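Trainee: I'm new to this one. Can you walk me through it?
Mentor: Sure, take a look first.
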Amino acid sequence: MQIFIDSADVLEIRRAAETGNCDGVTTNPSLIMKAGRDYNETLKEICSIVKGPVSAETVSLDADGMVKEGITFSKIAKNIVVKVPMTVEGMKACQMLTKKGIKVNVTLCFSANQALLTAKSGAFIVSPFVGRLDDAGEVGMDLIKDIKLIYDNYKFKTKILVASVRNTNHVLEAAKIGADIATVPYSVFEQLFKHSLTDVGIKKFLEDWEKVQKKK
Ligand code: E4P
């Protein structure tokens with residue numbers, strides 16, 4: 001499973017990339033607001049750090065507007081993927097952009113039927129939001145299971161990207177189900193590397209190593 005960073009913070013993205021475990025980046029208007037920088041400039045910098053797909057989100061509500069924004073984003077770098085929302089207009093834009101050879105990530109997916117339409121519209125990526133479903137009292141990961149089943153049934157090529165990840169358990173569950181990608185906040189990315197017993201183990205090995213040195 002690929003791991004993307006869900007961030008527009010260039011420092012975080014750089015740190016994640018340095019680990020060799022960051023396969024791509026997803027951004028959205030809220031993340032850009034948090035980063036407080038010009039969107040296109042930030043995307044350009046992110047694309048120079050990460051070779052994998054970098055999602056850039058459109059804000060138009062009509063298909064023509066999304067396509068126009070998408071074409072502009074696609075000129076920033078080869079690895080840009082254009083994000084459109086899961087709406088009727090978003091599906092039209094997805095088909096139009098895909099025909100032009102521009103990869104599309106359909107975002108704000110909250111149901112398996114939405115994911116079905118996304119795949120039928122030729123999207124490169126579908127982004128189901130598990131955390132927001134959990135917040136609403138549903139079980140977000142059940143949606144991932146359903147989408148995986150449907151996509152396998154019909155051999156759809158659209159990649160399942162688990163979005164709105166809140167914790168490492170979401171990542172684990174996504175991998176067990178066989179999702180293609182999980183996009184995670186940097187805080188969750190850092191936690192993926194950690195286990196308290198690893199720290200305890202290192203401490204013990206170092207203590208014993210010192211004892212060996214002293215005996216020499
Ligand atoms: C995905 O592409 C979205 O940017 C993201 O995962 C949204 O997560 P949130 O629910 O934490 O805002």
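Mentor: One term to start: buried means under 20% relative accessible area. Also keep in mind that this is a predicted model.
Trainee: Okay. Is Cys-22 buried or exposed?
Mentor: Cys-22 counts as buried, because its relative accessibility is 13%.
Trainee: And how many disulfides are there?
Mentor: The count comes to zero disulfides.
Trainee: Why is Cys-22 not bonded to the closest cysteine sulfur?
Mentor: The closest cysteine sulfur belongs to Cys-47, and it is 12 Å from the sulfur of Cys-22, so that is too far for a bond. The cut-off for a disulfide is 2.5 Å between the sulfur atoms.
Trainee: What about Cys-94?
Mentor: Cys-94 is in no disulfide either. Its nearest cysteine sulfur is 12 Å away, in Cys-109. Cys-94 has 0% relative accessibility, so it counts as buried too.
Trainee: New topic. Where does the ligand sit?
Mentor: In the largest pocket.
Trainee: Which residues surround the ligand?
Mentor: Asp-6, Thr-26, Asn-28, Lys-83, Phe-129, Arg-132, Ala-163, Ser-164 and Arg-166.
Trainee: How does that shell split by class?
Mentor: Four residues are charged, three are polar and two are nonpolar.
Trainee: Which polar side-chain atoms lie by the ligand's oxygen atoms?
Mentor: Asn-28 has one at 2.6 Å from a ligand oxygen. Lys-83 has one at 2.7 Å from a ligand oxygen. For Asp-6, a side-chain N or O atom is 2.7 Å from an oxygen of the ligand.
Trainee: How much of the ligand's accessible area does the protein cover?
Mentor: On its own, the ligand has 350 Å² of accessible area, and the protein covers 85% of that.

How values were computed. Residues are numbered from 1 along each chain as its sequence is written. This is a predicted model: local features need pLDDT of at least 70, side-chain atom pairs count only at pLDDT 80 or more; totals for chains, interfaces and linings use all residues. Side-chain values use heavy atoms; hydrogens and water are left out. A residue is near a molecule or strand if one of its heavy atoms lies within 4 Å of it. A polar contact is a pair of N or O atoms within 3.5 Å; within protein, one must be able to donate a hydrogen and the other to accept it, and residues adjacent in sequence count only if both atoms are side-chain atoms. Accessible areas come from the Shrake-Rupley method with a 1.4 Å probe; for residues, only the protein chains shown count as cover. On a 1 Å grid over the protein atoms alone, a cavity is a set of points where a 1.4 Å probe fits but cannot get out, and a pocket is an open set with protein on both sides within 12 Å along at least five of seven lines; lining residues have an atom within 4 Å of a point. A molecule sits in a cavity or pocket if more than half of its atoms lie within 2 Å of its grid points. Ala, Val, Leu, Ile, Met, Phe, Trp, Tyr, Cys and Pro count as nonpolar, Asp, Glu, Lys and Arg as charged, and the others, Gly among them, as polar. Buried means under 20% relative accessible area, exposed over 50%, partly exposed in between (1.4 Å probe, protein chains only).
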